[in-house]
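Work through the exercises below with the structure at hand. Try each task before reading its solution.

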Amino acid sequence: MEELKNILARHGFSFKKKFGQNFLTDTNLLSAIVHDAGVDETVTVLEIGAGAGALTRELSRAAKKVVAYEIDASLRPVLAETLSGCENTEVVFGDILRADLPALETELGRYRVVANLPYYVTTPVVMRFLEETHGCDGLTVMVQEEVANRFCAQPGTAEYGAVTAAIALKGAARVTRKVPRAMFTPRPNVDSAVVRIDFEPGRIPVGSEEAYRAVVRCAFASRRKTLENNLMSAFRLPRERAKAALERAGIPDMARGETLSPQMLARLADVLQEEGVIQ
Ligand code: SAM
């Protein structure tokens with residue numbers, strides 16, 4: 001196939017920074033990402049950000065079916081060319097953050113997300129698929145390396161935070177490969193990494209996901225404060241009640257949020273719910 005850069009030039013396409021447009025072209029890398037994502041002929045894929053269709057094409061070759069979202073309608077003629085012959089692939093021009101997810105999930109059935117994510121929407125996209133989906137079995141996403149490290153961080157490290165805890169509730173995350181900035185066109189200022197998150201229902205038992213999320217927000221609200229102080233201000237609790245809740249959850253009262261494993265956060269969520277602090 002003609003080089004992607006030439007196809008883009010022929011269609012008069014200009015890269016838009018505001019959409020995080022850094023495209024991949026290396027076929028070996030693209031097929032390695034498809035492999036990392038565990039995509040085979042039994043898997044339906046939702047791709048976010050088709051771009052010029054380089055990853056979409058590789059996904060189409062391997063998957064049962066691909067639905068690819070792309071916000072930039074000026075890529076329509078490019079994608080018509082690069083995806084010609086990809087019969088199992090549909091491109092939807094729209095913003096994935098505004099997509100009607102329940103309707104999309106009805107169309108997809110069980111599916112996996114695969115994306116070279118635009119950096120400016122990485123967290124909202126990942127959070128949406130953690131919190132709102134019913135049919136998603138996991139995400140394989142290329143993100144900035146620093147963000148990848150946050151996704152996979154261990155408790156007690158500087159990288160561990162609210163997004164790590166949100167991911168851990170749903171699945172196991174691991175970096176499958178690092179991707180140097182030179183692999184992208186145009187070249188960004190940072191390196192990237194591919195993270196695979198496999199959803200495992202019931203991985204961390206908790207009475208209410210909503211309560212877990214409230215505890216996570218509270219635990220990381222102010223990293224310099226102890227969890228006890230964060231609990232007092234988030235839930236308007238007197239010190240004695242905050243202390244008692246931590247004790248019931250088996251958490252030392254001087255602990256800071258970032259030292260708590262997702263399991264401990266879940267225990268605290270259960271205690272706060274039982275005590276009526278979180279409805
Ligand atoms: N998949 C292509 C690749 O790997 O070369 C393109 C990746 S590029 C980093 C991200 C793509 O996502 C861009 O084409 C951009 O226009 C698109 N995009 C940005 N924001 C989006 C959104 N909210 N919904 C859907 N697509 C979006």
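**Exercise 1. Backbone**

In which loop is the place of R236? Then state what is unusual about its phi.

Solution. Step one: this is a predicted model, and in it R236 sits in the loop between α10 (227–235) and α11 (239–248). Step two: although R236 is not a glycine, its phi is positive, at about 50 degrees. Step three: most residues other than glycine have a negative phi, and most peptide bonds are trans. The sign of phi at R236 is therefore an exception to what most residues show.

Find the cis peptide bond that ends at P186 and place P186 in the chain.

Solution. Step one: the cis bond joins T185 and P186, with omega about -15 degrees. Step two: P186 belongs to the loop between β8 (184–185) and β9 (192–199).

**Exercise 2. Two domains**

Describe how the chain is divided and how far apart the C-alpha centres of the parts lie.

Solution. Step one: domain 1 covers 4–199 and domain 2 covers 209–274. Step two: their C-alpha centres are 34 Å apart. In domain 1, E131, Y160 and L169 supply 45% of the area buried against domain 2, more than any other three residues.

Describe the contact between domain 1 and domain 2 by residues and by area.

Solution. Step one: 12 residues of domain 1 are in contact with 13 residues of domain 2. Step two: about 960 Å² is buried between domain 1 and domain 2, and carbon and sulfur atoms give 64% of this area.

Which charged and polar pairs does the rule find across the interface of domain 1 and domain 2?

Solution. Step one: there are 2 salt bridges across the interface. Step two: R213 forms a salt bridge with E131, with 3.8 Å between the closest N and O atoms. Step three: the rule also finds 5 residue pairs in polar contact across this interface. Step four: on the side of domain 1 that touches domain 2, helix α8 (residues 162–170) gives the most, with 5 residues. By class, that side has 7 nonpolar, 3 polar and 2 charged residues.

**Exercise 3. The ligand**

How many residues surround the ligand, and which are the closest?

Solution. Step one: 19 residues surround the ligand, and the closest are L24, G49, E70, D95 and N116. Step two: a polar backbone atom of L24 is 2.8 Å from an oxygen atom of the ligand. Step three: G51 has a backbone N or O atom 3.4 Å from an oxygen atom of the ligand. Step four: at D95 an N or O atom of the side chain lies 2.8 Å from a nitrogen atom of the ligand.

**Exercise 4. A salt bridge along the chain**

Why does the pair D36 and R177 tie together parts that are apart in sequence?

Solution. Step one: the structure holds 22 salt bridges. Step two: D36 forms one with R177, the closest N and O atoms being 2.6 Å apart. Step three: D36 lies in helix α2 (residues 27–36) and R177 in strand β7 (residues 171–179), so the pair connects parts 141 residues apart in sequence.

How values were computed. Residues numbered from 1 in each chain as written. Predicted model: local features only at pLDDT ≥ 70, side-chain atom pairs only at ≥ 80, totals over all residues. Heavy atoms only, no water. Domains from an automatic or database assignment. Contact = heavy atoms within 4.5 Å. Buried area = accessible area lost by both parts, 1.4 Å probe. Salt bridge = Lys/Arg side-chain N within 4 Å of Asp/Glu carboxyl O. Polar contact = N/O pair within 3.5 Å; in protein donor to acceptor, adjacent residues only side chain to side chain. Helix = DSSP H or I, 4+ residues; strand = E, 2+ residues; numbered from the N terminus. Nonpolar A, V, L, I, M, F, W, Y, C, P; charged D, E, K, R; others polar. Near = heavy atom within 4 Å.
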